[in-house]
Amino acid sequence: MKNIKYLFLFAVITSVSACFPDNDKAFDGATVLEFKPVARTVKSTAAAGSADALIQLVGPQLGSTLALSFNVDPASTAKSGIHYTLPASGTVSLAANSSSVMLPITVIAGSVTAPAGVKLIIQLDQAAGGIQPTPNFRQYTLTITP
């Protein structure tokens, strides 16, 4: 009788666990680009490079280097060379067989005096091969405060 109880319990647990959905975490959509996170606040007393932005490739890694273009939104209140510096080329390179790259943003120390700070808004452009930025994650907003 005792063995029958264990056998019954095993059968119930096995049948219930078979009903759970398969939680496969593989991404099967189109390959896209995104900022992660999309917003950050730093003080203008921050060390150089402390405001770098992470750009991720969502999808399979590529076998060759990919140039990622970006632009500064005209709605930005931060001024290049006064509050921050970015790569002059307007691009960063995602290395082959990699999923992310840092966009170097240097905050110029002591450049912000307004209590509300200034905002730098950067947008990703389409990359080679038609790789699009994700609409909800294509813009990075950096707020620089005193």
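Buried here means under 20% relative accessible area, and by that rule 33% of the 146 residues of the protein count as buried. The views below all come from a predicted model.

**Figure 1. The whole chain, with one helix and 11 strands.** Reading from the N terminus, the elements run α-β-β-β-β-β-β-β-β-β-β-β. It is worth keeping the contact pattern in mind while moving on to the close-ups: among contacts with a separation of 6 or more, 72% are between residues 24 or more positions apart.

**Figure 2. An open sheet of five strands with mixed pairing.** Follow the strands across the sheet in the order β2-β11-β9-β4-β6. At the edges are β2 (39–43) and β6 (91–94), each of which pairs on one side only. From one strand to the next, the twist averages 25°. For a look at one pairing, turn to β2 and β11 (residues 139–145): these strands run parallel and are joined by five bridges. Within this pairing, A39 stands opposite T141 in β11.

**Figure 3. The aromatic pair of F35 and Y140.** A pair of aromatic rings is described by the distance of the centres and the angle of the planes. The count for this protein comes to one aromatic pair. Its ring centres, those of F35 and Y140, are 5.4 Å apart, and the planes meet at 35°, so the pair is tilted. F35 belongs to strand β1 (residues 32–35) and Y140 to strand β11, so the two rings tie together parts that are 105 residues apart in sequence. Both partners are under the cut-off for burial: F35 has 0% relative accessibility and counts as buried, and Y140 is buried with a relative accessible area of 1%.

**Figure 4. The largest nonpolar core, with 29 residues.** In soluble globular proteins, nonpolar side chains tend to be buried together. Here, the residues with the most contacts inside the core are F35, I55, L68, L103, I105, I122 and L142. F35 will be familiar from the previous view, where its ring pairs with that of Y140. Two or more residues come from each of β1, β3 (53–58), β4, β6, β7 (100–103), β9 (118–124) and β11. The most generous of these elements is β9, which gives four residues.

**Figure 5. The surroundings of H83, in the loop between β4 (66–72) and β5 (84–85).** Is H83 buried or exposed? At 10% relative accessibility, H83 counts as buried. Its side chain reaches the backbone nitrogen of K79 at 2.8 Å. Beyond residues up to four places away in sequence, H83 touches T77, A78, T106, V107, I108, S111, V112, V118 and I144. One of these neighbours, S111, is 28 residues from H83 in sequence, yet the two C-alpha atoms are 5.3 Å apart in space.

**Figure 6. T143 and G117, two buried residues.** T143 lies in strand β11 and, at 11% relative accessibility, counts as buried. Apart from neighbours within four places in sequence, T143 is in contact with R40, T41, V42, A116, V118 and K119. G117 sits in the loop between β8 (106–107) and β9. With 18% relative accessibility, G117 also counts as buried, because the cut-off is under 20%. Leaving aside neighbours within four places in sequence, the contacts of G117 are V112, I144, T145 and P146. G117 and T41 are 76 residues apart in sequence, with their C-alpha atoms 9.5 Å apart in space.

**Figure 7. Backbone details at P37 and N97.** Most residues other than glycine have a negative phi, and most peptide bonds are trans. Where does P37 sit? The place of P37 is in the loop between β1 and β2, and the peptide bond from K36 to P37 is cis, with omega near -5°. N97 is found in another loop, between β6 and β7. Phi of N97 is positive, near 60°, in a residue other than glycine. At 54% relative accessibility, N97 counts as exposed.

Note on methods
Residues are numbered from 1 along each chain as its sequence is written. This is a predicted model: local features need pLDDT of at least 70, side-chain atom pairs count only at pLDDT 80 or more; totals for chains, interfaces and linings use all residues. Side-chain values use heavy atoms; hydrogens and water are left out. Buried means under 20% relative accessible area, exposed over 50%, partly exposed in between (1.4 Å probe, protein chains only). Contact means heavy atoms within 4.5 Å. A polar contact is a pair of N or O atoms within 3.5 Å; within protein, one must be able to donate a hydrogen and the other to accept it, and residues adjacent in sequence count only if both atoms are side-chain atoms. Two strands pair if DSSP finds at least two bridges between them. Axes are lines fitted to C-alpha atoms, for helices over the stretch in contact, and angles run from 0 to 180 degrees between N-to-C directions. Rings of Phe, Tyr and Trp (its six-membered ring) pair if their centres lie within 6.5 Å; planes under 30 degrees apart count as stacked, over 60 as edge-to-face and the rest as tilted. A nonpolar core is a set of buried Ala, Val, Leu, Ile, Met, Phe, Trp, Tyr and Cys residues joined through side-chain atoms within 4.5 Å.
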